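Hi,

Here is the structure I promised to pass on. Have a look at it first, and then read my notes below.

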Amino acid sequence: MRKPTTDPLDTLVTESSAATPASDLNARYGRGGRSRRPLLIGAVGVVVLAGLTWLIWVAWVQSNPPVTSQLQGFEIVSATSAKATLKVDRSKSVEANCRLQAKSADFSIVGEVTVTVPADAPRHQVLPVTLTTQRSATSVVLVGCTTADQHRPR
């Protein structure tokens, strides 16, 4: 063994302590020899994978609804009537309820109708709809269509 030498700060440095500083730190602070880092990385990886799987599933379900609708046009026929043309597309044969509203110049609802599209009707169709209004309407708005499984209007 080599003779102990001193450094400028008067601390004793030996060859054995200089060779294994990690073991000195482990002994000083009571750390174990095995690291938990790989276990932590694996657990985080599993959580991230589960989260991404859920996110992809939700995006797929929300992007493929059973029914979609589109207002193709409207016409104000009289002070108490409006006509609209509604396009309904269904991905499967389910009953759909489509709601339209007639609005006045101050944006208040002056008429409303819910059209039921039966399950045995064609999946892609264009429907003429007549709305009866309380007073003169200036526009017709499609709220959307719903099914038993799809509660958010589309």
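This is a predicted model, so please read everything below with that in mind. Let me start with the sheet. Three strands make up an open sheet, running in the order β6-β5-β8, and their pairing is antiparallel. On the edges sit β6 (109-117) and β8 (139-146), each of which pairs on one side only. Going from one strand to the next, the twist averages 20°.

Now for β5, which covers residues 96-103. With β6 it pairs in the antiparallel sense over 8 bridges. If you want a spot to find that pairing on screen, look for Ala 96, which stands opposite Val 117 in β6. The two strands β5 and β6 also form a hairpin, with 5 residues between them. Do click on Phe 107 in that turn: its phi is positive, at about 70°.

With β8, strand β5 pairs over 7 bridges, again in the antiparallel sense. Here there are two pairs of facing residues you can pick out. Leu 100 stands opposite Leu 142 in β8, and Gln 101 stands opposite Val 141 in β8.

Next, follow the chain past β8. Gln 150 is found in the segment after that strand. Is Gln 150 buried or exposed? With a relative accessible area of 7%, Gln 150 is buried, because anything under 20% counts as such. A polar atom of the Gln 150 side chain lies 3.4 Å from the backbone oxygen of Cys 145, and Cys 145 falls within β8 (139-146).

Gln 150 turns up once more, in the lining of the largest pocket. What is the volume of that pocket? The answer is about 160 Å³. Two stretches of numbering appear in its lining. One part of the list is Val 61, Gln 62, Asn 64, Pro 65 and Pro 66. The other part is Asp 149, Gln 150, His 151, Arg 152 and Arg 154. Sorted by class, the lining has 3 nonpolar, 4 polar and 3 charged residues.

If you only have a minute, I would go to Gln 150: this residue is buried, its side chain has a polar atom 3.4 Å from the backbone oxygen of Cys 145, and it helps to line the largest pocket.

Shout if anything is unclear.

Cheers

Conventions: Residues are numbered from 1 along each chain as its sequence is written. This is a predicted model: local features need pLDDT of at least 70, side-chain atom pairs count only at pLDDT 80 or more; totals for chains, interfaces and linings use all residues. Side-chain values use heavy atoms; hydrogens and water are left out. On a 1 Å grid over the protein atoms alone, a cavity is a set of points where a 1.4 Å probe fits but cannot get out, and a pocket is an open set with protein on both sides within 12 Å along at least five of seven lines; lining residues have an atom within 4 Å of a point. Grid points are joined across faces, edges and corners, and a volume is the space filled by probe spheres set on the points. Ala, Val, Leu, Ile, Met, Phe, Trp, Tyr, Cys and Pro count as nonpolar, Asp, Glu, Lys and Arg as charged, and the others, Gly among them, as polar. Two strands pair if DSSP finds at least two bridges between them. Helices (H or I, at least four residues) and strands (E, at least two) are DSSP runs, numbered from the N terminus. Axes are lines fitted to C-alpha atoms, for helices over the stretch in contact, and angles run from 0 to 180 degrees between N-to-C directions. Buried means under 20% relative accessible area, exposed over 50%, partly exposed in between (1.4 Å probe, protein chains only). A polar contact is a pair of N or O atoms within 3.5 Å; within protein, one must be able to donate a hydrogen and the other to accept it, and residues adjacent in sequence count only if both atoms are side-chain atoms.
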